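Trainee: I am new to this structure and would like to understand the terms used for it. Could we go through them one at a time, with the reasons behind each?

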Amino acid sequence: HAEALAFQTTKANDFEHTRLIVTAEVLQLQARKKQLEAELAEVNQHLGTLKIRQKRVEEDERMFADTYSGMLGTMLMDQEQLASTIDDLSRDTTNARAVQKLLVDYQAILGGLQEKEVQAVGEQQVEAYVQW
């Protein structure tokens, strides 16, 4: 009976020791769990913030692409219009130079005719004077 009592006491002590170890480990793991849950909450909050920022960046990028595409299209149309205007002005300049040359030639022809007319009139007056 003494052996049974000693065995029982040893076993009770073993169980108490094991229970204390397990309880300490449980408390340690519960503390670690709270720490990890706090870190997870912080990570989730940061992740949520980054997802919102990511959506904003994607939206800004899409808006920029749309705006840039529109501006590029407008610039290309403006470039085509400017090229067309330059072509028109070049043709107008060529035409204006041709008209100017015609006017200069015309003026020269008229000037030559006027000189001949003045000379002819002068000769007629001299003849009329001489005959008088």
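Mentor: In this predicted model, the accessible surface of the chain comes to about 12,600 Å², and 61% of that surface belongs to carbon and sulfur atoms. The chain has 132 residues, of which 0% count as buried, and its secondary structure consists of one helix and zero strands.

Trainee: Why is F64 called exposed?

Mentor: The word exposed is kept for a relative accessible area over 50%, and F64, which is found in helix α1 (residues 2-131), has 57%, so F64 is exposed.

Trainee: What makes Y68 count as partly exposed?

Mentor: Partly exposed lies between the limits of 20% and 50%, and since Y68 has a relative accessibility of 45%, it therefore counts as partly exposed.

Trainee: How many aromatic pairs are there by this rule, and why is the pair of F64 and Y68 called stacked?

Mentor: The count comes to one aromatic pair. F64 and Y68 form that pair with their centres 5.9 Å apart and 20 degrees between the planes; because centres within 6.5 Å make a pair and planes under 30 degrees apart count as stacked, the pair is stacked. Both residues lie in helix α1, four residues apart, which is about one turn of the helix.

Trainee: Which residues form a nonpolar patch on the surface together with F64 and Y68?

Mentor: The other members are M71, L72, M75 and L76, and the patch has about 630 Å² of accessible area together.

Terms used:
Residues numbered from 1 in each chain as written. Predicted model: local features only at pLDDT ≥ 70, side-chain atom pairs only at ≥ 80, totals over all residues. Heavy atoms only, no water. Patch = residues over 30% accessible without salt bridge, like charges linked within 9 Å, V, L, I, M, F, W, Y side chains within 5 Å. Areas by Shrake-Rupley, 256 points an atom, 1.4 Å probe, with all protein chains shown as cover. Salt bridge = Lys/Arg side-chain N within 4 Å of Asp/Glu carboxyl O. Helix = DSSP H or I, 4+ residues; strand = E, 2+ residues; numbered from the N terminus. Buried < 20%, exposed > 50% of the residue type's maximum accessible area, 1.4 Å probe, protein only. Phe/Tyr/Trp six-rings, centres within 6.5 Å; stacked < 30°, edge-to-face > 60°.
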